[in-house]
Amino acid sequence: MTEVKLHGFWYSPFTFRVVWTLNLKGIPYEHIEEDRFNKSPQLLQYNPVYKKTPVLVHDGKPICESMLIVEYIDEIWLQNSLLPADSYDRAQARFWVKYVDDMFSGIAAHFRSRSDEEREEAKEIIWERLGVVEDLCLGDERKFYGGDAINIVDIALGSFVKFIEVQEDMFDVKILQSERFPRLKLWFNNFKDVPIIKENTPGQEELVAFLKTLIEKMMARK
């Protein structure tokens with residue numbers, strides 16, 4: 001029987017991507033929770049280059065980087081395909097996945113900001129990038145990027161927007177404004193209401209409380 005293990009942080013948007021993918025495809029797996037400040041020897045062995053989560057271990061073979069893991073899963077387990085069949089559409093999907101990944105630096109800067117001024121500057125950058133997603137990525141009549149079913153772009157973008165939603169409550173700010181991003185707001189409401197997504201995403205209050213404590217620990221270590 002195939003053995004699948006996932007090393008990750010339960011609160012990480014990058015781990016969310018893999019958890020959502022495994023559950024959308026109905027793949028049984030073992031979750032191994034890692035400690036950000038005391039990573040396991042297995043994690044360091046499986047990802048000696050970046051020493052980061054998530055890492056998927058499939059029959060003893062490690063795969064690193066969240067969206068590479070998602071693509072790997074999609075290639076091995078063919079049910080509920082996440083990548084478009086058409087070559088051009090597949091390339092476009094990968095473009096938007098890369099675009100979303102590039103946006104994480106802005107939301108990370110917002111998360112780590114030490115002053116209101118720094119946080120405001122980071123928010124402006126996030127708004128600019130979200131505007132591109134609003135105008136060019138999401139169509140007017142599509143429920144998800146993939147149409148009626150979630151695909152790889154939805155997985156990537158969903159983790160990013162979820163992290164925005166958490167930060168809004170952490171710092172009492174409004175980033176994903178309905179009047180500024182109506183398509184994106186509607187898309188995210190559709191996405192997070194999908195039963196498998198809802199059932200496999202930690203609760204908002206739990207995430208906010210934990211991440212407030214985590215950021216205090218991270219700042220204290222600097």
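Buried means under 20% relative accessible area, exposed means over 50%, and partly exposed lies in between (1.4 Å probe, protein chains only). This is a predicted model: local features need pLDDT of at least 70, side-chain atom pairs count only at pLDDT 80 or more, and totals for chains, interfaces and linings use all residues. Residues are numbered from 1 along each chain as its sequence is written, and side-chain values use heavy atoms, without hydrogens and water.

**Exercise 1.** Classify the burial of both partners in the salt bridge between arginine 17 and aspartate 101.

*Solution.* Start with the rule: a side-chain nitrogen of Lys or Arg lies within 4 Å of a carboxyl oxygen of Asp or Glu. Here the closest N and O atoms are 2.8 Å apart. Next, place the partners. Arginine 17 sits in helix H1, aspartate 101 in helix H4 (residues 87-112), 84 residues apart. Helices are DSSP runs of H or I, at least four residues, and strands are runs of E, at least two, numbered from the N terminus. Now classify. Arginine 17 has 0% relative accessibility, so it is buried. Aspartate 101 has a relative accessible area of 31%, so it is partly exposed.

**Exercise 2.** Do the same for arginine 94 and glutamate 71.

*Solution.* Their side chains form a salt bridge, 2.9 Å from N to O. Arginine 94 belongs to helix H4 and glutamate 71 to helix H3 (residues 66-76), 23 residues apart. At 37%, arginine 94 is partly exposed. At 16%, glutamate 71 is buried.

**Exercise 3.** Locate lysine 162 and glutamate 165.

*Solution.* Both lie in helix H6 (residues 152-171), three residues apart. Both are buried. A salt-bridge network links Lys162, Glu165 and Lys192.
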